[in-house]
Amino acid sequence: MHGVEQHGGVLDRLGESIASGARPPGTVLTLAGLEEEFGVSRTLVREVVRVLESMGMLASRRRVGVTVRPPEEWNPFDPRVIRWRLGGPGRDAQLLSLTELRAAIEPVAARLAAVRADEPARRRLVALAARLRELGEAGRGTDPEYLDTDVSYHSLLLEASGNPMLAALGDVVAEVLSGRTALGLMPQEPAPGALEDHEATAAAVARGDAPTAERRARAVVAEVLEEVVEGSGSTRGSGRTPPEQDPPPGRRTRGRGAPLPRTGDCAQGCGP
């Protein structure tokens, strides 16, 4: 096996075992033990441990060994941590957390993109939204091309905001979109309202309509959040349903409004 592939394979196997809880917090590992378990060199084991230490998943101490750290100390924005968590028993909680993050950042990014994006980015966003509709209406919501287009759309929206901190979350959003597809959580035929909202967001960005861009981007993530909450049966243990939000005019919904928490609606000014 090639050195890089071997490194990645051991990293994934060890990371997944920690994220899944198979190696719970407080578990003490040794380099010798890991070397024997994975059948690799001590040097490679050290490299893998260093990477997991940088993620906050492991801590090394002299005369103690390598200790698994609690999840609260892991880097929640590392795409690999996200991928491992989505593949483990805590996937529902991870998916909900990530979708709540999207609900907080994507509407703001859309508002900023309507003001700051250059013309090529505006045209590209419109083209990506149109392609999403074509693929979705053709029943190709689970195709690799749909995923690639969806990732490109949302990554571009964050990048076009002109805010480097929002743009840096593109990999996080890409990982959750990929994770939903890999876990079979994406429908072959996306809801017409979701496709419409993608296009409406892109059109609003293209014409510089910041309030509408924010409102329609919020509708996009509201649809996803509704599905995630319904799928997990969770409202974060609050004992109540999160506040509902009215859909934009003309939006076709599935019965009740999407249970989207009001995540800083007016931080950049509220649209109509």
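## An exposed spot in a loop

Let's start with Arg63, which is exposed: its relative accessible area is 85%, and anything over 50% counts as exposed. This arginine sits in the loop between β2 (58-61) and β3 (65-68). Keep in mind that you're looking at a predicted model.

What is the sign of phi at Arg63? Phi is positive there, at about 65°, even though Arg63 is not a glycine. To put that in context, most residues other than glycine have a negative phi.

## The whole chain

Now zoom out. The protein chain has eleven helices and three strands. Follow the sequence from its start and you meet them in the order α-β-α-α-β-β-α-α-α-α-α-α-α-α.

How much of the chain is buried? Of its 272 residues, 45% are buried. The accessible surface adds up to about 13,100 Å², and carbon and sulfur atoms supply 51% of that.

You can also ask how far along the sequence the contacting residues lie from each other. Take the contacts with a separation of 6 or more: 68% of them link residues 24 or more positions apart.

## Two helices that meet

Two packed helices are described by the angle between their axes and the distance between the axes. Try that on helix α7 (residues 144-160) and helix α10 (residues 192-206): their axes come within 12 Å and cross at roughly 35°. The crossing of α7 past α10 is left-handed.

Which residues do the meeting? From α7 there are Tyr146, Asp150, Tyr153, His154 and Leu157, and from α10 there are Leu195, His198, Thr201, Ala202 and Val205. Sorted by class, this contact between α7 and α10 has six nonpolar residues, three polar ones and one charged one.

## Another residue of α7

Ser152 is also found in helix α7. Is Ser152 buried, partly exposed or exposed? It counts as partly exposed because its relative accessibility is 32%, and that class covers what lies between under 20% and over 50%.

Look for Leu128 as well. Ser152 and Leu128 are 24 residues apart in sequence, while their C-alpha atoms are 7.5 Å apart in space.

## How sure is the model?

The average pLDDT for the protein chain is 84, and 83% of the residues score at least 70.

Where does pLDDT stay under 50? That happens over residues 235-272, a stretch for which the model has 73 contacts beyond four places in sequence.

Methods
Residues numbered from 1 in each chain as written. Predicted model: local features only at pLDDT ≥ 70, side-chain atom pairs only at ≥ 80, totals over all residues. Heavy atoms only, no water. Helix = DSSP H or I, 4+ residues; strand = E, 2+ residues; numbered from the N terminus. Buried < 20%, exposed > 50% of the residue type's maximum accessible area, 1.4 Å probe, protein only. Contact = heavy atoms within 4.5 Å. Areas by Shrake-Rupley, 256 points an atom, 1.4 Å probe, with all protein chains shown as cover. Axes fitted to C-alpha atoms, helices over the stretch in contact; angles between N-to-C directions. Left-handed = near helix turned anticlockwise from the far one by under 90°. Nonpolar A, V, L, I, M, F, W, Y, C, P; charged D, E, K, R; others polar. pLDDT = per-residue confidence, 0-100.
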